[in-house]
Amino acid sequence: MGLLSNRIGKESLKAGDHIYTWRAAWVYAHHGIYVGDDKVIHFTRGRGQEVGTGTFIDLLLVSSGPKRNNTPCSVCNNEGATTNTETNDVVSSCLNCFLAGGALYCFEYAVNPALFLAKVRGGTCTLAPTDPNEVVVRRANHLLNNGFRCYNIFKSNCEDFAIYCKTGLLVAEQGVVGQSGQAISIISGPLSAVISTPLRLVTMNIYGMAVMAVGVYCASRYAADIGNRLDVLKVEVEDLTAGLVSGRIRAVDNISQLVAPAEAQGLTVTAPVAA
């Protein structure tokens, strides 16, 4: 992997790797966890179409989605026209079905701040450290059998799923973007333009304004990365799925509302430890 690309070959894959592939037009990427034996566990809203905002963004993402074959895959028999891919679900696919003709990339963890900022496109790396690969694979397999929340492109998407498998971290607060770098980038772009616009009073130079906009964008990405955020908690995967089923873990207005009920009912919820 290099400065500008995280592209790797299939021969480099290890069980526990967080991988992704850009869909057509590079509008967004689909993420998953490689668990070995040519299998990838990933979170999808249905047939690999990661949409669901109720806005024009849905049309954009559908148009950039991969072409699908109506014939079930002879290897994994999962990404074709089957009923279990029509709903919010965690699915297991062969690597070829996951890639859907796209190139293979590996998400990076525990990168230094300079490298993080150099990779301007969100959804490629994070400052947060990863847990051991065997823990990652165990989480992914557990969620495959027990489910992982309802799909939401900004708060609970395929990248959020993969990051949780790698780190055990979840964003606790309601009404905020999840840990997905893609979602943060989508929001940070327009936000940086809005915030930097008043700075035209400081400089009328078009290049100066561009530098300011890029600076605001990078700063917002850095502050919102899961490795820096304060609104995240480390939740054991068994407690997560048990809590979702029973309602003991739910969307809340602040961290204290999540921590107190969880601890009171015996769930293992811990604050992340700084690297």
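## Close-up views: cysteines and charged side chains

**View 1. Cys97 is buried, at a relative accessible area of 15%.** Everything in this and the following views comes from a predicted model. Is Cys165 buried or exposed? Cys165 is buried as well, and its relative accessible area is 0%. If you're hunting for disulfides, the count for this structure is 0. Cys97, for one, is in no disulfide, and the nearest cysteine sulfur belongs to Cys73, 3.5 Å away. A disulfide needs the two sulfur atoms within 2.5 Å, so the Cys97 and Cys73 pair doesn't make the cut.

**View 2. Lys119 sits in a loop, with its side chain in contact with Glu108.** The loop in question runs between α3 (113-118) and α4 (133-146). Lysine or not, Lys119 is buried, with a relative accessible area of just 6%. What does its side chain meet there? The partner is the side chain of Glu108, through a polar contact of 3.4 Å.

**View 3. Asp131 and Arg139 pair up in a salt bridge.** Their closest N and O atoms are 2.7 Å apart, and both residues are buried. Which residue joins these two in a network? Lys234 does: Asp131, Arg139 and Lys234 are linked by salt bridges. Across the whole structure, the search turns up 6 salt bridges.

**View 4. Arg229 and Asp231 form another salt bridge.** Here the closest N and O atoms lie 2.8 Å apart. Both ends are tucked away: Arg229 is buried at 13% relative accessible area, and Asp231 is buried at 11%.

**View 5. Asp17 and Lys14 make a salt bridge with one buried and one partly exposed end.** The closest N and O atoms of this pair are 3.8 Å apart. Asp17 is the buried end, at 6% relative accessibility. Lys14, on the other hand, comes in at 47% and counts as partly exposed.

**View 6. Zooming out, the protein chain has 9 helices and 8 strands.** Of its 275 residues, 48% count as buried. Among contacts with a separation of 6 or more, 66% are between residues 24 or more positions apart. The accessible surface of the chain is about 13000 Å², and carbon and sulfur atoms contribute 59% of that.

How values were computed
Residues numbered from 1 in each chain as written. Predicted model: local features only at pLDDT ≥ 70, side-chain atom pairs only at ≥ 80, totals over all residues. Heavy atoms only, no water. Helix = DSSP H or I, 4+ residues; strand = E, 2+ residues; numbered from the N terminus. Buried < 20%, exposed > 50% of the residue type's maximum accessible area, 1.4 Å probe, protein only. Contact = heavy atoms within 4.5 Å. Areas by Shrake-Rupley, 256 points an atom, 1.4 Å probe, with all protein chains shown as cover. Polar contact = N/O pair within 3.5 Å; in protein donor to acceptor, adjacent residues only side chain to side chain. Salt bridge = Lys/Arg side-chain N within 4 Å of Asp/Glu carboxyl O.
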